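Visitor: Hi! Could you walk me through this structure in plain words?

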Amino acid sequence: MKWLIFMLAVIAGLMVYVRLAPIAVDVWHTTVEGDADQDFDGGVIRIADVSLASLHQVAQGWERTSVLAGSVQEGRITYVTRSLLWGFPDLTTVEVRENGVAIHARLRFGKSDLGVNGKRVAAWLAAAQ
């Protein structure tokens, strides 16, 4: 019984940490590196011919998504989207480029996002078209 209580306390502590851990703007709200689409275990980079304003409108209406930093006027916005159950934060930076935008969506904790960031970016791009 003591082990069960201990494990529940550990799980609760992790849930609280994941939800309340600070997200450093200077670490996450940075230039999107790369000029081509890329997939990796923790996220994706996409280059797309859409406007930052249209993507911002889509992101503002997306569930559990908020702006961490930036603005349309600045030319770069970083969003935090949290998973439903645990509240894991994924960060998506959208930045103006000559012919559209560069998007970098990545996880904050762990090694693999199980394709969640790629699916969200694809949905945002489809909705912004």
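Guide: Happy to; we can go through the sheet, then the aromatic rings, then the charged side chains.

Guide: This is a predicted model, in which local features need pLDDT of at least 70 and side-chain atom pairs count only at pLDDT 80 or more, while totals for chains, interfaces and linings use all residues. Residues are numbered from 1 along each chain as its sequence is written, and side-chain values use heavy atoms, with hydrogens and water left out.

Visitor: Cool. What order do the strands of the sheet have?

Guide: The order is β1-β2-β6-β5-β4-β3, in an open sheet of six strands with antiparallel pairing. Strands (E, at least two residues) and helices (H or I, at least four) are DSSP runs, numbered from the N terminus. Two strands pair if DSSP finds at least two bridges between them.

Visitor: And which strands stand at the edges?

Guide: Those are β1 (38–40) and β3 (65–71); each has a single partner strand, so one side of each is left without a neighbour in the sheet. From one strand to the next, the twist averages 15 degrees.

Visitor: Which helix packs on the sheet?

Guide: Helix α3 (residues 52–60) does, touching β3, β4, β5 and β6, and its direction makes about 20 degrees with that of β4. Contact here means heavy atoms within 4.5 Å. Axes are lines fitted to C-alpha atoms, for helices over the stretch in contact, and angles run from 0 to 180 degrees between N-to-C directions.

Visitor: Let's zoom in on β4. How many of its residues are buried?

Guide: Six of the seven residues of β4 are buried, so this strand is largely enclosed by the rest of the structure. Buried means under 20% relative accessible area, exposed means over 50%, and partly exposed is in between (1.4 Å probe, protein chains only).

Visitor: How many bridges does β4 make with β3?

Guide: β3 and β4 pair in the antiparallel sense over six bridges, and V67 stands opposite Y79 in β4. The two strands form a hairpin with four residues between them, where G75 in the turn has a positive phi of about 90 degrees.

Visitor: What about β4 and β5?

Guide: That antiparallel pairing runs over seven bridges, with T81 standing opposite D90 in β5. Their hairpin has six residues between the strands, and G87 takes a positive phi near 80 degrees there. On to the next pair: β5 (residues 89–97) and β6 (residues 100–107) are antiparallel over eight bridges, and the bridge partner of D90 in β6 is L107.

Visitor: New topic: how many aromatic pairs are there?

Guide: There are five aromatic pairs. One of them is W3 and F6, whose ring centres are 5.9 Å apart with planes at 90 degrees, so the pair is edge-to-face. Rings of Phe, Tyr and Trp (its six-membered ring) pair if their centres lie within 6.5 Å; planes under 30 degrees apart count as stacked, over 60 as edge-to-face and the rest as tilted.

Visitor: Are W3 and F6 buried or exposed?

Guide: W3 counts as exposed at 67% relative accessibility, and F6 is partly exposed at 46%.

Visitor: And which ring pairs with Y79?

Guide: The ring of W124 does: the centres are 5.5 Å apart and the planes at 85 degrees, so this pair is edge-to-face. Y79 lies in strand β4 (residues 76–82) and W124 in helix α4 (residues 116–128), so the pair ties together parts that are 45 residues apart in sequence. Y79 and W124 are both buried, and together with W62 they form one aromatic cluster.

Visitor: What sits over the ring of W124?

Guide: The charged end of R120, 5.7 Å from the ring centre. A charge sits over a ring if NZ of Lys or CZ of Arg is within 6 Å of the ring centre and within 35 degrees of the ring normal. R120 lies in helix α4 and counts as buried at 6% relative accessibility. Leaving aside neighbours within four places in sequence, R120 is in contact with W62, T81, D90, T92 and A105.

Visitor: Last one: how many salt bridges are there?

Guide: The whole structure has six salt bridges, each being a side-chain nitrogen of Lys or Arg within 4 Å of a carboxyl oxygen of Asp or Glu. Among them is D39 with R46, where the closest N and O atoms are 2.9 Å apart. D39 counts as exposed at 60% relative accessibility, whereas R46 counts as buried at 18%.

Visitor: Which residues are linked in a network of salt bridges?

Guide: D35, R76, E95 and R97 are. Within this group, the closest N and O atoms of E95 and R97 are 3.3 Å apart.
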